[in-house]
Amino acid sequence: MMTRMVAFVLGAVLVLALAIRCLQTVPAGHVGLVDLFGHVQEETLAPGLHIVNPFAQVRRMSIQTREIKEVMDTPSSEGLIVHLEVSVIFHLDPAKAVEIYKTVGLGYDGVLVEPNVRSAVREITSAHEAKALYSPERDQMGIAINQHVVNAIQPRGILVERVLLRDVQLPAKLQAAIQEKLSAEQEAARMQFVLQKEKLEADRKRIEGEGISTFQKIVSEGISENLLRWEGIEATKELAASTNAKVVIIGAGPGGLPVILGNEAFSTSTPKH
């Protein structure tokens, strides 16, 4: 009786263990691969709870977006060593997860992603001068590196979202030379602005002087002796018509113009007796 009881308990435990082994969970953002003694099922398991062969292993592979950073020293076209920090943002193609597992394994990032990123960076930077990393040409280099990585690993089932040049450190002497050149270019641009401003001011003064000269010429040519005599006659008429006390002497002024004197010019003091 005791032997039967022990056998029953052991059987129940074994069945329970197999039942637990049959239940497998795949986390969100992953796919599950069923590996039964080296035979990998072609269909992957979606996230959730699944019933599988209790003797099979379920390999979980992330299909979430991941980032790998590479810090490296790479030569430029002129032989200078440039320190770079590169990030590659990628994710696994779920449709090719089984192929990646069979041909590369779970550590595909260290086998495919990292070596190809390093190769792409070295190939692109070696074709450019180091100073290009401090110019708008840097964006073009980033695009070229991205395309190189895409061509190398995307056919294998790794989808590259973007490759970023995060940090660039040039040799100290070259960096100082670039900064000096940039400062010189900024100073030259400032001087060009000052010269342009001075030229505009000189043009303004020249135009202003020409305007004044033209005005004076017009005025001097328009004033004649007859015009002045006529204005004098008109002024004499207005003074003669006014109620102010005055004495008008006709033909006494320069050019025959009248001379007008006030009463005070002829006033005399009364002699005292």
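Student: F37 first. Is that residue buried or exposed?
Tutor: F37 counts as exposed, because its relative accessibility is 72% and the cut-off for exposed is over 50%. Keep in mind that this is a predicted model.

Student: Where does F37 lie?
Tutor: F37 is in the loop between strand 2 (30-36) and strand 3 (39-40).

Student: And what is the phi of F37?
Tutor: Phi is near 55° there, a positive value in a residue other than glycine. Most residues other than glycine have a negative phi.

Student: Which sheet do strand 2 and strand 3 belong to?
Tutor: An open sheet of three strands, in the order 3-2-5, with antiparallel pairing. Strand 3 and strand 5 (57-62) are at the edges, each with a single partner strand, so one side of each has no neighbour in the sheet.

Student: How many bridges join strand 2 to strand 5?
Tutor: Six, and the two strands run antiparallel. As an example, G32 has R60 in strand 5 as its bridge partner.

Student: Switching topic. What is the order of the sheet with strand 7 in it?
Tutor: The order is 6-7-8, in an open sheet of three strands with antiparallel pairing. Strand 6 and strand 8 are the edge strands, and each pairs on one side only. The twist averages 25° from one strand to the next.

Student: What packs on that sheet?
Tutor: Helix 3 does, touching strand 6, strand 7 and strand 8. The direction of helix 3 makes about 40° with that of strand 6.

Student: How many bridges join strand 6 to strand 7?
Tutor: Strand 6 (residues 66-75) and strand 7 (residues 81-92) are joined by 10 bridges. The hairpin of these strands has five residues between them, and G79 in that hairpin takes a positive phi near 90°.

Student: And strand 7 with strand 8?
Tutor: That pairing is antiparallel, over 10 bridges. L92 has I158 in strand 8 as its bridge partner.

Student: Which residues pair with V88?
Tutor: On the strand 6 side, I68 has V88 as its bridge partner in strand 7. In strand 8, the bridge partner of V88 is V163.

Student: What about E70, buried or exposed?
Tutor: E70, found in strand 6, counts as buried because its relative accessibility is 9% and the cut-off for buried is under 20%.

Student: Which side chain makes a polar contact with that of E70?
Tutor: The side chain of R118, at 3.2 Å.

Student: What else does E70 touch?
Tutor: Leaving out residues up to four places away in sequence, E70 touches L84, E85, V86, E114, V117 and R118. Of these, R118 lies in helix 3 (108-125).

Student: Last one, helix 4. What span should its 17 residues have?
Tutor: Helix 4 (residues 137-153) should span 24 Å at 1.5 Å a residue. The end C-alpha atoms are 25 Å apart, which agrees.

Student: Which residues of helix 4 are buried?
Tutor: M141, G142, I145, N146, V149, V150 and I153.

Student: What covers them?
Tutor: The cover includes helix 3 (108-125) and strand 8 (158-169). Helix 3 also packs on the sheet that holds strand 8.

Technical notes
Residues are numbered from 1 along each chain as its sequence is written. This is a predicted model: local features need pLDDT of at least 70, side-chain atom pairs count only at pLDDT 80 or more; totals for chains, interfaces and linings use all residues. Side-chain values use heavy atoms; hydrogens and water are left out. Helices (H or I, at least four residues) and strands (E, at least two) are DSSP runs, numbered from the N terminus. Buried means under 20% relative accessible area, exposed over 50%, partly exposed in between (1.4 Å probe, protein chains only). The expected span of a helix is 1.5 Å times one less than its number of residues. Contact means heavy atoms within 4.5 Å. Two strands pair if DSSP finds at least two bridges between them. A polar contact is a pair of N or O atoms within 3.5 Å; within protein, one must be able to donate a hydrogen and the other to accept it, and residues adjacent in sequence count only if both atoms are side-chain atoms. Axes are lines fitted to C-alpha atoms, for helices over the stretch in contact, and angles run from 0 to 180 degrees between N-to-C directions.
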